[in-house]
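Here is a short tour of one protein chain, written for someone who is just getting used to looking at structures. Keep the 3D view open and follow along.

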Amino acid sequence: MAVKIEICPPCNAEGRDLHDIRNSAIQKWRAHANTYGKKFGVNPGFLLSVISIETGGSVTAGSSYYGLYQIGKDMLDTYNKAKKTSYTLDDFRGKGKLVTTEDGAGKLAIQVFAEFISNLLYMLDGTSDIYGDERLIKDSATNWNGSLKCGTDEAVYFYPFTAENGGTATKRATRTSFTCYGQNAYNLMNHAKSWCGTSPWYSSDLPSVTFSTTYRKLMGREA
């Protein structure tokens, strides 16, 4: 059976390989991760960890979802409504009318994800005393991928994008739990902690690093 990561723990089976976030395929997005990590108060290493899980650094990956973070129509509509913008899904592949390059597509995706995850982190951090750094990473990453209910947690709501230019912010449901997807985000950061640390919050830009092509196993569970 296939190993799934969008599933409740325990996460103890080995799935496909992932790029270490110091690998060149992921680190190529370091400058944009630094820029938007600083802007939204998020550790750039956290931004890179989700890129590794979703696409391995390729803006052309996927078929139904688009770009570095595999953004879908619902998420894009929520963003466009808040910002009064008119991006299309093709813009996240660098093949749109507004974004026509790979670098521009990656930059846009990182900007969208960084704001989403920042607003979610701040909401979760203010919700309960259960939230240390590790749990914040696991829960917030999980809720980017999908708010799967694990255990008895209840849905809570937050605004993923701040309204600008006369736009309208839309509430989104999330849950205070994590799946193996969130576990993988934390594992990737923890493996590279000498470089990026294990806090979800921004403290400094990540420096360039020369690193060999090393992989980490994606953790999941057969389902």
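In this predicted model, a polar atom in the side chain of arginine 221 sits 2.6 Å from the backbone oxygen of cysteine 8. Arginine 221 belongs to strand β5. Is arginine 221 buried, exposed or partly exposed? With 26% relative accessibility, arginine 221 is partly exposed, because that label covers values from 20% to 50%.

Now look along the chain from there. Arginine 221 and proline 9 are 212 residues apart in sequence, yet their C-alpha atoms are separated by 7.7 Å. Proline 9 has its own oddity: the peptide bond that joins it to proline 10 is cis, with omega at about 10°. Proline 10 lies in the loop between β1 and β2.

**The sheet**

Arginine 221 also has a bridge partner, lysine 4. That bridge is part of how β1 and β5 (residues 215-222) go together: they pair in the antiparallel sense over 2 bridges. As a bit of background, strands of a sheet pair through backbone hydrogen bonds, either parallel or antiparallel.

How many strands does the open sheet have, and in what order do they come? There are 3, in the order β1-β5-β2, with antiparallel pairing. At the edges are β1 (3-4) and β2 (13-19), each of which pairs on one side only. Helix α7 (residues 180-191) packs on this sheet, where it touches β2 and β5, and the direction of α7 makes about 160° with that of β5.

**Helices that pack together**

Helix α7 has another partner to look at, α3. The two axes come within 9 Å and cross at roughly 125°, and α3 and α7 are therefore oblique to each other. Their crossing is right-handed. If you want to find the spot in your viewer, residues on the α3 side include Phe46, Ser49 and Ser52, and those on the α7 side include Tyr181, Ala185 and Leu188.

A second pair is made by helix α2 (residues 30-40) and helix α5 (residues 102-125), which pack at an angle of about 30° with their axes 9 Å apart. Why is this pair called roughly parallel? Because an angle under 35 degrees counts that way, α2 is roughly parallel to α5. This crossing, too, is right-handed. From α2, His32, Ala33, Tyr36 and Phe40 take part, and they meet residues of α5, among them Ile110, Ala114 and Tyr122.

**Two serines inside helices**

Serine 52 is in helix α3 (residues 44-54). Its relative accessibility is 2%, so serine 52 counts as buried. What does the side chain of serine 52 have beside one of its polar atoms? The backbone oxygen of histidine 19 is there, at 2.6 Å. Beyond its neighbours within four places in sequence, serine 52 is in contact with Leu18, His19, Ile21, Ile26 and Leu188. Leu188 is one of the α7 residues met by α3.

Serine 140 is found in helix α6 (residues 133-145). At 0% relative accessibility, serine 140 is buried as well. The side chain of serine 140 reaches the backbone oxygen of leucine 136 at 2.6 Å. Setting aside neighbours within four places in sequence, the residues in contact with serine 140 are Phe46, Ile117, Leu120, Leu121 and Leu124.

**Two loop residues with positive phi**

Lastly, here are two residues that have a positive phi although neither is a glycine. You can read off where each one is and how much of its surface can be reached.

| Residue | Phi | Loop | Relative accessibility |
|---|---|---|---|
| Glutamine 70 | about 50° | between α3 and α4 (73-83) | 17%, buried |
| Asparagine 165 | about 55° | between β3 (155-158) and β4 (172-175) | 64%, exposed |

Why do these two get opposite labels? Glutamine 70 has 17%, and under 20% counts as buried, while asparagine 165 has 64%, and over 50% counts as exposed.

Definitions and conventions:
Residues numbered from 1 in each chain as written. Predicted model: local features only at pLDDT ≥ 70, side-chain atom pairs only at ≥ 80, totals over all residues. Heavy atoms only, no water. Helix = DSSP H or I, 4+ residues; strand = E, 2+ residues; numbered from the N terminus. Buried < 20%, exposed > 50% of the residue type's maximum accessible area, 1.4 Å probe, protein only. Polar contact = N/O pair within 3.5 Å; in protein donor to acceptor, adjacent residues only side chain to side chain. Contact = heavy atoms within 4.5 Å. Pairing = 2+ DSSP bridges. Axes fitted to C-alpha atoms, helices over the stretch in contact; angles between N-to-C directions. Parallel < 35°, antiparallel > 145°, perpendicular 65-115°, else oblique. Left-handed = near helix turned anticlockwise from the far one by under 90°.
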